[in-house]
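Me: Please take a close look at the helices toward the end of this chain. Set them in the context of the rest of the model, and keep it brisk.

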Amino acid sequence: MTSKYSLTIGEGVTINLNNMTTNGDKTGLIQIQKGGIFISDTINIKVNFNNYQDNYINLISFQEVQNSSSTPLFNKLLGGKLYRSYLNSNNVDTTVTCTYISGNFDDYNSYDNQVLHCPPSSVNSTIVIQNTKLEQNINFIGEMRKTTDTYKMVSFNEENQCLLFYPNLKDGSCHLCKNDSYLSSGNCEVISSKCITLYKKQTSDVCEACETGSEVDKYQCLPCPTNCLHCAKGKCVLCDKEYIVDVNRNCEKVLVYDDNSLLIISGKTIKCNIGYFIKSNKCENCGENCINCNNESSCKICDSKSLLKNGVCTLQNRVILSNNNNLIVCENGYYNIENTCQSCSNKYGELCSLWDTHNCLKCTLNGVINNEGKCIELIQSSCIQTSNSFCNGCKQVSNFINDSGVCTSNSNCLFSNKNEKCLLCENNTFYDNTSMCVSLTNQEENCDRMNKEQDRCIHCLTGYFVSNYHCENCSENCLDCLDFSTCLSCTENHFLKYGKCFSNSEVITNCKKLLPSKSICAFCESHFFRNAEGECKNCIENCNECNTEKTCLSCFTNYFLLTNNTQCISYDLLVNCEFKSQSGCLKCSTGFYQQNQFCVSCNSTTFNCSTCGTTGICTSCVEDYVLIDSKCYSKSSIENCVEVTNSKCTKCTFWHTPNYSNTSCHTKVVWWVILIGVIFVLIILTIVVSFVLFFSVKISHHYQTKKVYENMCIFDVRKSNIRFTETSIANVFVNKNEIEFEGKNDEEAIPVDRESRELFCVGNFGKNTIKVQFSSKEDTEKYSIRTEPLVITLKKNKAIEFEIFIQPKCSCKIEDKITLFSVDFKSGITAETPINLVAITQISTKLDYEELNEDKKLGEGGFGIVYKGTFRGNFVAIKKMKLTILDDQNKEFENEVSMLDKFRNEYIVHFYGAVFIPNKMCMVTEFAEFGSLQDLMNHKISEEVTMKLRLKIMLDAAKGISYLHENGILHRDIKPDNILAFSLDVNEKVNAKLTDFGSARNVNLLMTNMTFTKGIGSPKYMAPEVLEQMKYKKSADIYSFAITMFECFGWKEAYPIDTFKYTWKIAEFVISGNRLKKRQETPTECYEIIQSCWDQNPKERLQINGVVDRLQNCSDLF
């Protein structure tokens, strides 16, 4: 009996059992499944046994455990699930046995014969195990055994913490315990209640942390000594307030502290104010001018105006800043010398008003700085004026300012500049090499022309040159010169070279003509050439003209020059040559070709070759040889060739003929010989094939017709009890006017995306044979329909049972029509009649687009537009795909729908379903009143959203991520845009939910290639391993969530646009191991959580459950 029905047995009712067989450990005669209602007015049901051999029978089996309120038979039930009726009430058997096969322990389908009341929980219950592993998921009291071997009784109730039982061991050992318990000698023991943090192991849990005042001992929490907060191995390491750890590692009460203490931990003074040190757990003064010391007599750091010596601080005069050992800055008017501040006037004079450590930088109005860095009186420097403490000019124009800043005279000079350089010398003086003015003497001797003032020579006689306005002799053998080292022309029998004069040498042998004034040959005699030194040298042998020692330009008569110009060869060596020249052989004799100026035999490159081209390629062969690809082959090597002419095969044997190139023989068909035979064979084959085809078609048609009719239900309407009704088509009757599809039970709806079947009968009540078939609308968006058979021929008084198959494409209500067509073979008349089609589908996530109502547009993305709308009375968000989307975007849509369909969690956005009809594709989720977290950050200032609400939003998002990770799913695009805000009331259970699962993937599917791919995540939220295209796992989501928390707690973008103008700047920043600094508005506790989540090493990042715990703890602080 299912949940749709109830069974009532009234008082005085008697059940008669006639000729019943023993049902032993099988299901009861009456079966009450889950949700079924059983009502009895009596606590005993009367049963009469007729011809029954056993003492009892299993009368009623319940799938669910009953209680006293559900049935008055409760006290009579075995294990709360089985009611037995006994033949002899004095012989009661309360043992119940169930044979476990495999699967869920609490599911009766996991037991042999699918006994409905298995497993019953009672002391007389026995579970017989047929495999080696049994996993518990309910409390069970009973005995376990395998086949005939009985094992230790195992009681699975609230006190027993075992979850996994292996009956293949003699002691019935437990192998997996419940939470908060551990495995010990095959039994589960409860972990101490003082344990606050558990470490999950494969078979049990281990305590990681205990309450304050206790220490961990694997599974138990042992108490610490009195007034101790934390201890190890029974010894205290941290005491309570006003207590301190003594030498025995116990807690000892301490005295009251003074006001100069800055930090006290566990009753112990840790840090004092500046200028104080710790003594007897109190803060004592360090002494005068000391800010840090070990004791009152040993200072470590002095104040900013004192120096440290032998542990004592001494105050210094005229000091602004110092460190322990040196003065750094003195007061104005003083400078640092040997670690004391001295007056500047003592070193730079009374007139100095600004100085540094080494020099005076500025004097008063009447002072001038000299070369010693001191200020002197203006009158002392012979200076007529000064600015910026330096002399601008001297009283005498011939004077200059020396290095001491004093005006000094410049000898023989009329005008000087400030740096001692003379601008104009006095008469009869000139500038020497040192730019000084010196006197002129003997300036007219050998001079050809004087200057206008007649005080210096400007041009000398031939053989002389001007030097310091004097005339001096040119070098030896030089007629005219520019200076002593540069001659312009030489005397007779000398030549000019590199500005010097050299004597003509004896290197003019075989020279026709020398260069003027030079010992260099201009033209050499025949058979000689001029080398780099201007000498004439012999050419190579038999060379008439050359320009180098080893090469020739032309040879003697009857000699020719090699192409590399290195040798002259006699014509006598040119054999087999018809025309000879100084370039070598111009034409070779027949059977030879030209190669490197000589004649070479054609036979030397190709055997049996008689003639060849200029490059040696054979053009004809000797007699009885055939030329093939520039090679010569004998006639005997050419198969079937009998005659060769001009190096070609010209005649072949019978049935063969030369090919188009006359290089081989191929078979030649003699058509007139075989034509008669071919015609005869074709006639015979045509006759045989015609007979075979004729009989094959007849046989095939017969078997096909027989096979089709065997699969169809065709019957005689005169012998059928089916009631037919008349249609609008003459003589065509049907068994019903409407095709209504139903599920397995009459009241059930039909499934989506699966075919449902319905039968429909059509009969021919006329005298003529007809053909009938169905036709429906093409491209129906909500469903597809087909019939078996597609078309059928019905003789008179025959009917056909059509199978109508419909497959809904979405959850909808179908009310449509299909058309029944009929053709009368005799009259040729075609007729049709409509048949109603009705179906209601089951509820699924494939939605009918006509049930969606769009209200207003909320936003638009790369390939989708989001609308606010309604669906079956609920406000929803409708994400519609754009009309033009790419295949990758379509796959991403299908992936997100597939993911959302699997998720059912209060922290994941609720998914109503999706529409898959082309041009109407969309997905429907619950509507978030406040939009995304990014929308909140864009439209609300920081003061409008409390830190506690931000923590609650992050906590809800972390719980959503935890659900994904526990189910092996990576989100891969966690950011504020994908966290929806549903409430701003911090007291609500759920304030935010995760959304957008287009990039989500199963971890197992990504294990082989979890690398950075297109469209996965947003760059500024990507983990470093994703940016580097390395393999990544769940820790990549943790990093993205860390950046999201950083933005949420700080209520602004993580990476400011003025610092990170380009996306690659963010990637470079993250990959190099850098992280963003804490913002002022972010609580320290929250920033520490972020730091634990964005570690460069993925293995060091917190797991999501740890993030949830720490966010919960942090939220409790606000």
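Reply:
**The C-terminal helices in context**

The chain holds 11 helices and 97 strands. The model is predicted. Of the chain's 1118 residues, 39% count as buried. Take the contacts between residues at least 6 apart in sequence: 42% of them join residues at least 24 apart.

Start with helix 9, residues 1063–1071. Four of its residues are buried: I1066, A1067, F1069 and V1070. Where do they point? Seen down the axis of helix 9, the buried residues fall within an arc of 160°, so they line one face of the helix. That face has partners. The buried residues of helix 9 pack against helix 7, at 1024–1027, and against helix 8, at 1035–1050. After helix 9 comes G1073. The phi of G1073 is positive, near 95°.

Next, helix 10 and helix 11. Two numbers set the scene: a pair of packed helices is described by the angle between the axes and the distance between them. Helix 10 covers residues 1084–1093, and helix 11 covers residues 1104–1116. They pack at an angle of about 170°. Their axes are 10 Å apart. An angle over 145 degrees counts as roughly antiparallel. Helix 10 and helix 11 are therefore roughly antiparallel to each other. Which residues make the contact? From helix 10 come E1085, C1086, E1088, I1089, S1092 and C1093. From helix 11 come V1107, R1110, L1111 and C1114.

There is also a link from this region back to an earlier helix. S962 lies in helix 5, which covers residues 947–966. Is S962 buried or exposed? The cut-off for buried is under 20% relative accessible area. S962 has 8%, so it is buried. Leave aside its neighbours within four places in sequence. S962 is then in contact with I1104, N1105 and V1108. Residues 1104–1116 form helix 11.

Further back, one span carries an annotation from a record. UniProt, in an unreviewed entry, places the feature "transmembrane region" at residues 669–697. In the model, that span is 93% helix and 0% strand. The end C-alpha atoms of residues 669–697 lie 39 Å apart.

Now the strands, for contrast in kind. One open sheet has 5 strands, in the order 81-88-87-83-85, with mixed pairing. Strand 81 (738–741) and strand 85 (791–794) stand at its edges. Each has a single partner strand, so one side of each is left without a neighbour in the sheet. From one strand to the next, the twist averages 25°. Inside the order, strand 83 (residues 770–775) and strand 87 (residues 813–824) run antiparallel. They are joined by 6 bridges. Q773 stands opposite F821 in strand 87.

Another open sheet lies at low residue numbers. It has 3 strands in the order 3-6-7, and the pairing is mixed. Strand 3 (30–32) and strand 7 (82–86) are the edge strands, and each pairs on one side only. On average, neighbouring strands of this sheet are turned by 20° against each other, direction ignored. Strand 6, residues 56–62, runs antiparallel to strand 7, and 5 bridges join the two. N58 stands opposite R84 in strand 7.

Back to the helices you asked about. Helix 9 packs its buried residues against helix 7 and helix 8. Helix 10 and helix 11 pack with their axes 10 Å apart. S962 of helix 5 is in contact with I1104, N1105 and V1108.

How values were computed. Residues are numbered from 1 along each chain as its sequence is written. This is a predicted model: local features need pLDDT of at least 70, side-chain atom pairs count only at pLDDT 80 or more; totals for chains, interfaces and linings use all residues. Side-chain values use heavy atoms; hydrogens and water are left out. Two strands pair if DSSP finds at least two bridges between them. Axes are lines fitted to C-alpha atoms, for helices over the stretch in contact, and angles run from 0 to 180 degrees between N-to-C directions. Buried means under 20% relative accessible area, exposed over 50%, partly exposed in between (1.4 Å probe, protein chains only). Contact means heavy atoms within 4.5 Å. UniProt positions are given in the numbering used here, feature names are shortened, and annotations may be inferred rather than shown by experiment. The arc is that of the directions from the helix axis to the C-beta atoms. Angles under 35 degrees count as roughly parallel, over 145 as roughly antiparallel, 65 to 115 as roughly perpendicular and the rest as oblique.
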